[in-house]
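The report below takes up two residues and their surroundings, and then turns to the chain as a whole.

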Amino acid sequence: MIFGRSQRGKPPVEPVTLKILVAGGFGVGKTTLVGAVSEIRPLRTEELLTEAGRPVDDVSGVEGKHTTTVAMDFGRITLREDLVLYLFGTPGQERFWFMWDELSEGALGAVVLADTRRLEDCFAAIDYFERRSIPFLVGVNCFEGSARYPADTVRQALDLDTDVPLVMCDARDRESVKEVLVGVVQHAMAQAADRRRAVAT
């Protein structure tokens, strides 16, 4: 099937659409992750970093970064002909956090990207999804040249609940990103099933 069209003789399929957020600190790889997996040209709202923003945009550890997302990134991936994921990358800087409530409306779950060089930058995103009971997975983006730590060590440093999935990933690699997204969907479905069982008992 070509997206939006049905095969001859078959009724058109109305796909189920799921919304996934991609959050995390400044320069952690959110735009890269959305671009790596999107089947359409991603919508990006990037602007050049300026001298005026230097006091508030800490580029230590990501000195090569020259642009920043000021609204959102948007991408789409069709998992099956009847299942489509919409990806929304959130801006990382604190001054844009007011947009998160709007972007998180109706989200199935979220990916919180973490960089072990700046691990504290993802605390705000973790707190945000925990407070709103939005299922999330932590993806540790393994940058070249950065120190590698065991998953359990990173989990302890982030003080994650035991039921929150944590995976190592490469935001540039399509297959790696797919595994992250599948993990988020599975985690969200498991949490929804747990809630239904709790209501039924």
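Glu130 lies in helix H3, which spans residues 123-131, in a model that is predicted. With a relative accessible area of 34%, Glu130 is partly exposed, because that value falls between the 20% below which a residue counts as buried and the 50% above which a residue counts as exposed. On the surface, Glu130 belongs to a patch of negative charge, in which it gathers with Asp127, Asp159, Asp161 and Asp163.

Thr90 sits in the loop that runs between strand S5 (83-89) and helix H2 (100-104). Its relative accessible area is 1%, so Thr90 is buried, the cut-off for that class being under 20%. Leaving aside residues up to four places away in sequence, Thr90 touches Val22, Ala23, Gly24 and Lys30, and also Trp100 and Leu103.

The two residues are set side by side here.

| Residue | Relative accessible area | Class |
|---|---|---|
| Glu130 | 34% | partly exposed |
| Thr90 | 1% | buried |

As for the whole, the protein chain contains 5 helices and 8 strands, and these follow one another along the sequence in the pattern β-α-β-β-β-β-α-β-α-β-α-β-α. Of the 201 residues in the protein chain, 44% are buried, while the area that the chain exposes comes to about 11300 Å², with carbon and sulfur atoms supplying 52% of it. Where contacts between residues at least 6 apart in sequence are considered, 72% of those in the protein chain join residues at least 24 apart.

Note on methods: Residues are numbered from 1 along each chain as its sequence is written. This is a predicted model: local features need pLDDT of at least 70, side-chain atom pairs count only at pLDDT 80 or more; totals for chains, interfaces and linings use all residues. Side-chain values use heavy atoms; hydrogens and water are left out. Patches are made of residues with over 30% relative accessible area and no salt bridge: like charges are joined within 9 Å, nonpolar side chains (Val, Leu, Ile, Met, Phe, Trp, Tyr) within 5 Å. Accessible areas come from the Shrake-Rupley method with a 1.4 Å probe; for residues, only the protein chains shown count as cover. A salt bridge is a side-chain nitrogen of Lys or Arg within 4 Å of a carboxyl oxygen of Asp or Glu. Lys and Arg count as positive and Asp and Glu as negative; His and the chain ends are not counted. The place of a charge is taken as NZ of Lys, CZ of Arg, CG of Asp or CD of Glu. Helices (H or I, at least four residues) and strands (E, at least two) are DSSP runs, numbered from the N terminus. Buried means under 20% relative accessible area, exposed over 50%, partly exposed in between (1.4 Å probe, protein chains only). Contact means heavy atoms within 4.5 Å.
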